[in-house]
Structure formats: C-alpha cells, structure tokens
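Student: Could you take me through one strand of this model slowly, starting with how well it is covered and then following its partners and contacts outward?

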Amino acid sequence: MATLILSTVGGIVGGPIGSAIGAVIGNVFDREVLLKPKAREGPRLTELQLQTSSYGTPLQRVFGTMRVGGCVIWSTDLIESRTSSGGGKGQPSTTNYSYSASFAVALSGRAIQGVGRIWADGKLLRGVGGDFKSATGFRLHLGDEGQAVDPLIASAEGAGLTPAHRGLAYAVFEHFELADYGNRIPSLTFEVIGDAVPVAVGRIAQELTDDMIDGAAATQAVTGFAAYGDSVRSVVETLAVAGGAWFAPEAMGLRMRAGLAADHAIADGEVVAAGAARGKHGRAMAAWRRCRTM
C-alpha cells in the first residue's frame, strides 16, 4: 500500500517526524488516486461520417407557398464535443459526448422570396417568428443570379472550389445540435415562399417551358405548386388538370386555353379536315404530339 511505502520512506529520510508526514501523504494518495472510482463515459459514436444525397436527385421548382422536403447537397462530418462533470470528494467523474453537424439543403430550382416554418422529423423546428427549437446557426440563400458563395462552405472546401449555386435556393445550418434527433441529420421540411401571392397555372406552364407555351389565358391561380417529375410535359399536364385548361397548337408552340368556348353548331355539309382532333381532350392530345418531351 502507498501508506506503508511512503511511511517507510519518510522514516528513512526524516526519522519519526518524517514517518508521520509520509503516512499522511500516503493516505491522501490512496484516497485520491489508488482508491478513487474510475471515471465514467457516456455514449459515444464510433462513426462520425455523414451520407449526403446522391447525384441525379430531381429538385423541385417552387411557385407560390409550398411545404417541401429539401435535398442535402453538402455537409461536414459529425462534430464531437465532450464535457466532464462530477469527480469531487471520491466521486467518479462523467464524460459526456454531444454531436453537431453543418450542412446545406437545396430547396428550389428557382429563386424564392423566403422561408417560413421548418419541421424536423415532423416536429416544429422553426416557428413563424423565426425562433429555432434546437441550437443552430442558419443562413438562407434565395437563389438569385447575384448570390455570393456561402462563407462556411468556402472555408471548408476552399474559396476557389466552392460554387455560389446561382439560380438555386438553399439553406445552410451551422453547428446544428443533433442530440434531439438520435445524433443524425433529421428529415427536414420547409415552408418555402416562392412567390408572395398565388400564381396562375398559365404563368407556371409558360416559365417551365421557356415560353414554348403561351399561358396568358389560363388565369386559374394556385396558392402553391412544386414542379417535380420526370418531364416538363407531365408537370404541365398536371397544371392543365388543376386549372381546367387545355392546349391548342399555335405557330411553333402551344397556347394554354381555359374557360368555356362559345357553342358552334356544325352546319349541314360542313367538312371537318381529315385527322383533326375533336373535343377538348382530343385537341390537347393532338397539340402535345407536336410538343417535345422535356
């Protein structure tokens, strides 16, 4: 035992007085070092890498106001922090580990006005007032053609290697605390404000097709729409159904029509051109045959 050893050494060096001093020191050493309970450690992750989204994932273009999911386009590995507590007067100390991550989430393939509420795993993360329920830094890039490179991504990847993602609206979370989400990036959904007011289906169709469709007549408005799918054609057909519209050939493109047309009585002997589409649905199908699949 340390007490015996230090008492003997104290006796050799300083006689009876030295022996007494050595015994006291040995007692303290026993309590504080040899007999002190072993420190405890809380749960700790062995793998700190995160998996981001894969190449080729389609990204929606948001019109109006719409709640949509995001796509993680960049992230750091998990950032580990440790804190110790306890350990006084013979009690074991405890080391606890916490984790955070910094990452960027793409929101819309067109410029937006802003973001309202945010949900994480279905629970409110950011309220209408902009307050966050979990600790994080937050920056929003609106996707305009003049937006700058994000400073955090540039510091991690290098200023010359970091794109500004112009034309892409995305959000950056910095040191997002992951304790409430099983130490992983939660499933995030965002209330994306693409436009401040409802948008006419004709305007959406016209923008999606780079003006190949004239949508001025289709004025039925939607409060929110996320253009997402395998082709522009399928998205525009969905818009036509939502707005009660159909299509008619016009010059080198299409005109999106809506509303009720005036009745026309077919006169005796009137000839319908061979191959002409009949009825609203037939006209739409014939028109789409002339429109490229995008």
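Tutor: Strand β6 is mostly covered, for six of its seven residues are buried, where buried means under 20% relative accessible area, exposed means over 50% and partly exposed lies in between, with a 1.4 Å probe and protein chains only. Strands, as the word is used here, are DSSP runs of E of at least two residues, while helices are runs of H or I of at least four, and both are numbered from the N terminus. Please keep in mind that this is a predicted model, in which local features need pLDDT of at least 70 and side-chain atom pairs count only at pLDDT 80 or more, whereas totals for chains, interfaces and linings use all residues. Residues are numbered from 1 along each chain as its sequence is written, and side-chain values use heavy atoms, with hydrogens and water left out.

Consider the partners of the strand next, remembering that two strands pair if DSSP finds at least two bridges between them. With β10, strand β6 pairs in the antiparallel sense over five bridges, and in one part of that pairing F190 of β10 is the bridge partner of I118. With β7, which covers residues 123-126, β6 again pairs in the antiparallel sense, here over three bridges, and L124 in β7 stands opposite W119. The two strands β6 and β7 form a hairpin with two residues between them, and in that turn D121 has a positive phi of about 55°.

Within β6, a single residue repays a closer look, namely I118. I118 counts as buried because its relative accessibility is 0%. Contact means heavy atoms within 4.5 Å, and once the neighbours within four places in sequence are left aside, I118 is in contact with K123, L124, L125, R126, F132, F138, F173, T189 and F190. As a further link across the fold, I118 and V192 are 74 residues apart along the chain, yet their C-alpha atoms are separated by 9.0 Å.

Several of these names return in the nonpolar core, a term that stands for a set of buried Ala, Val, Leu, Ile, Met, Phe, Trp, Tyr and Cys residues joined through side-chain atoms within 4.5 Å. The largest such core has 24 residues, of which F103, L125, F173, L188 and F190 touch the most other members. The elements that give two or more residues to this core are β2 (61-69), β5 (93-108), β6 (114-120), β9 (169-177) and β10 (188-193), and β5 gives the most, with six residues. In soluble globular proteins, nonpolar side chains tend to be buried together.

F173 shows how one core residue reaches many others: not counting residues up to four places away in sequence, F173 touches A101, S102, F103, V105, I118, L125, F132, T136, G137, F138, L188 and F190. Apart from this core there is a second, separate one of 19 residues, which includes A227, V235, A245 and L254.

For contrast with the strand, turn to helix α3, residues 201-208, in which V201, G202, I204, A205 and L208 are buried. Seen down the axis of α3, these buried residues fall within an arc of 160°, so they line one face of the helix; the arc is that of the directions from the helix axis to the C-beta atoms. After α3 comes D210, whose phi is positive, near 55°. Four residues of α3, V201, I204, A205 and L208, meet V232, V235, V236, L239 and G243 in α4.
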